[in-house]
Amino acid sequence: MTNVELIDRNKLPRHIAIIMDGNGRWAKERGKLRVFGHKRGVDSVRDVLEGAVDVGVPYLTLYTFSAENWNRPKLEVAALMELLVSSIGKETKRLMTNGVRLNAIGNLEQLPPRALTYLRNCIEETASNTKCTLTLALSYSSRWEIADAAKKIAQSVQQGLLKPEDIDEHLFAQHLNSYPLPDPELMIRTSGEQRVSNYLLWQLAYAELYFTNKLWPDFRRDDLYAAIVEFQNRERRFGLTSEQLK
């Protein structure tokens with residue numbers, strides 16, 4: 001049986017988050033510039049997204065550009081921002097065809113004006129789509145997100161809109177940049193690295209982590225399906241015992 005045939009459609013992870021790692025190494029192995037790997041990575045995004053839509057995964061979040069990535073060489077950053085613009089321009093029609101709503105989280109005001117305009121236009125154009133929500137984490141840092149949420153709550157307390165005793169996990173989550181997205185149940189990282197790299201630290205509290213040695217430009221929908229099958233074969237206890245679950 002193929003991986004897609006092994007998937008139980010009644011036990012799909014509602015939200016899958018992916019760290020798309022290995023574009024640069026993929027290009028280097030082929031004697032190409034790093035940006036060539038990023039361009040090929042867009043093909044993987046397209047195939048994985050359509051694969052998620054086909055099996056019925058309602059939320060997919062991609063670590064597209066971290067806050068730390070601004071420290072990369074200026075030429076690479078400029079190429080990545082231009083790739084973001086061109087990809088959004090080319091893929092908007094496909095998003096509409098597949099019923100995908102585009103969303104974005106992160107410190108978006110740091111993006112170049114042209115990239116931000118393309119992003120917001122696509123978000124607006126796809127806003128009524130309901131099959132899947134694709135969220136791009138752009139200029140994103142989970143520590144920034146958590147600190148920003150704390151700042152917003154502190155301001156509300158200072159203004160008398162909240163009392164300290166009102167603050168709990170649910171209220172804190174409502175102030176995160178990702179709200180109201182559900183927490184990811186499955187997090188995938190490609191390229192063999194086994195860390196979360198400042199990605200959705202609050203939201204991944206109970207996510208299943210799946211690591212693969214495949215570099216992102218080689219990752220396709222069948223690899224996504226393999227991760228989903230692995231997810232469905234794991235026992236998720238949430239602090240309980242196996243006996244309690246039975």
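Glu76 is buried, with a relative accessibility of 11%. In this predicted model, Glu76 is the acidic partner of Arg72, and the closest N and O atoms of the two side chains lie 3.0 Å apart in a salt bridge. Arg72 itself is partly exposed, at 30% relative accessibility. The cut-off for burial is under 20% relative accessible area, so the two residues fall into separate classes: Glu76 is buried, whereas Arg72 is partly exposed.

A second salt bridge spans the chain. Arg221 and Glu50 meet through their side chains at 3.6 Å, N to O. The pair links distant parts of the chain, for Arg221 belongs to helix α8 (residues 221-232) and Glu50 to helix α3 (residues 34-55), 171 residues apart. Here too the acidic residue is buried, Glu50 having a relative accessible area of 16%, while Arg221 counts as partly exposed at 22%.

The salt bridge between Arg195 and Glu193 has its closest N and O atoms 2.9 Å apart. Both of its members are partly exposed: Glu193 has a relative accessible area of 23%, and Arg195 has 44% relative accessibility. Elsewhere, salt bridges that share partners join Arg40, Asp43, Arg46, Asp47, Glu50, Asp54, Glu91, Arg94 and Arg221 into one network. The Arg221 and Glu50 pair described above thus has both of its residues in that network.

Side chains of opposite charge can pair when their charged atoms come close. With a limit of 4 Å between a side-chain nitrogen of Lys or Arg and a carboxyl oxygen of Asp or Glu, the count for the model comes to 21 salt bridges.

Technical notes
Residues are numbered from 1 along each chain as its sequence is written. This is a predicted model: local features need pLDDT of at least 70, side-chain atom pairs count only at pLDDT 80 or more; totals for chains, interfaces and linings use all residues. Side-chain values use heavy atoms; hydrogens and water are left out. Helices (H or I, at least four residues) and strands (E, at least two) are DSSP runs, numbered from the N terminus. Buried means under 20% relative accessible area, exposed over 50%, partly exposed in between (1.4 Å probe, protein chains only).
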